[in-house]
Amino acid sequence: MAILRRALWLLSILGAIAAIYVMIQALRKAPTEQDLANCAMMAIACALIPYCLARAVAEISKSHD
């Protein structure tokens, strides 16, 4: 279970890096505010979904220890 937790936290870090990249690209190239908002939502999803998954697995495995 420890390997799974580490892998999911690594995925969470990679998601955060992807979110930063998406936002930088959006700030540079988004032609309208609506496009910028859509890119911001995608960036949040890139960071938030892996983080929530990692937290859930960490809490589940903590209760089993």
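Me: Let's start inside helix α1: which residues of α1 are buried?

Reply: This is a predicted model, so read everything here as computed from it. The buried residues of α1 are Leu8, Ser12, Gly15, Ala19, Gln25 and Ala26. To read burial, look at relative accessible area, where under 20% counts as buried.

Me: What do the buried residues of α1 pack against?

Reply: They pack against α2. The view from the other side fits with that: what covers the buried residues of α2 includes α1, residues 2-29.

Me: And which residues of α2 are buried?

Reply: In α2 the buried ones are Ala43, Pro50, Ala54, Val57, Ala58 and Ser61.

Me: Can you take one residue and walk me through it? Say, what does serine 12 touch?

Reply: Sure. Serine 12 is found in helix α1, and it counts as buried because its relative accessibility is 9%. Leaving aside residues up to four places away in sequence, serine 12 touches Pro50 and Tyr51. Pro50 is itself on the list of buried residues of α2, while Tyr51 belongs to a nonpolar patch on the surface.

Me: How do I check the length of a helix, and what span should α2 have?

Reply: Multiply the rise per residue along the helix and compare it with the distance between the end C-alpha atoms. For α2, which covers residues 33-64, the 32 residues should span 46 Å at 1.5 Å a residue, and the end C-alpha atoms are 46 Å apart, so the two agree. For α1, the 28 residues reach 40 Å from first C-alpha to last, close to the 40 Å expected at 1.5 Å a residue.

Me: Now the charged side chains. How many salt bridges are there?

Reply: The count comes to 2 salt bridges. The idea is to look for a side-chain nitrogen of Lys or Arg within 4 Å of a carboxyl oxygen of Asp or Glu. In one of them, the side chains of arginine 55 and glutamate 59 meet at 3.6 Å, N to O. In the other, glutamate 59 and lysine 62 meet at 3.2 Å, N to O. Salt bridges that share partners join Arg55, Glu59 and Lys62 into one network.

Me: Why can residues three or four places apart point the same way?

Reply: An α-helix has 3.6 residues a turn, so residues at that spacing point the same way. Here, arginine 55 and glutamate 59 are 4 residues apart in helix α2, so about one helical turn separates them. Glutamate 59 and lysine 62 are 3 residues apart in α2, so they too are separated by about one helical turn.

Me: Are those three side chains buried, partly exposed or exposed, and what are the values?

Reply: Arginine 55 is partly exposed, with a relative accessible area of 38%. Glutamate 59 is partly exposed as well, at 37%. Lysine 62 is exposed, at 52%; the cut-off for exposed is over 50%.

Me: What about greasy side chains: which residues form the nonpolar patch on the surface?

Reply: Trp9, Ile44, Leu48 and Tyr51 do, with about 380 Å² of accessible area together. Helix α2 gives the most to the patch, with 3 residues. Tryptophan 9 lies in helix α1 and counts as partly exposed because its relative accessibility is 32%.

Me: I always look for cysteines. How many disulfides does a search of the whole structure find?

Reply: It finds 0 disulfides. The test is whether two cysteine sulfur atoms come within 2.5 Å. The sulfur of cysteine 39 is 10 Å from the closest cysteine sulfur, in cysteine 46, so that pair is too far for a bond. As for accessibility, cysteine 39 is partly exposed at 26%, and cysteine 46 is partly exposed at 25%.

Me: Last one: how do I compare distance along the chain with distance in space, and how far apart are the C-alpha atoms of alanine 45 and alanine 19?

Reply: Put the two separations side by side. Alanine 45 and alanine 19 are 26 residues apart along the chain, and their C-alpha atoms are separated by 8.0 Å. Alanine 45 lies in helix α2 and is partly exposed, at 29% relative accessibility, whereas Ala19 is among the buried residues of α1. For another pair, arginine 55 and alanine 2 are 53 residues apart along the chain, with 13 Å between their C-alpha atoms.

Methods: Residues numbered from 1 in each chain as written. Predicted model: local features only at pLDDT ≥ 70, side-chain atom pairs only at ≥ 80, totals over all residues. Heavy atoms only, no water. Helix = DSSP H or I, 4+ residues; strand = E, 2+ residues; numbered from the N terminus. Buried < 20%, exposed > 50% of the residue type's maximum accessible area, 1.4 Å probe, protein only. Expected span 1.5 Å × (residues − 1). Contact = heavy atoms within 4.5 Å. Patch = residues over 30% accessible without salt bridge, like charges linked within 9 Å, V, L, I, M, F, W, Y side chains within 5 Å. Areas by Shrake-Rupley, 256 points an atom, 1.4 Å probe, with all protein chains shown as cover.
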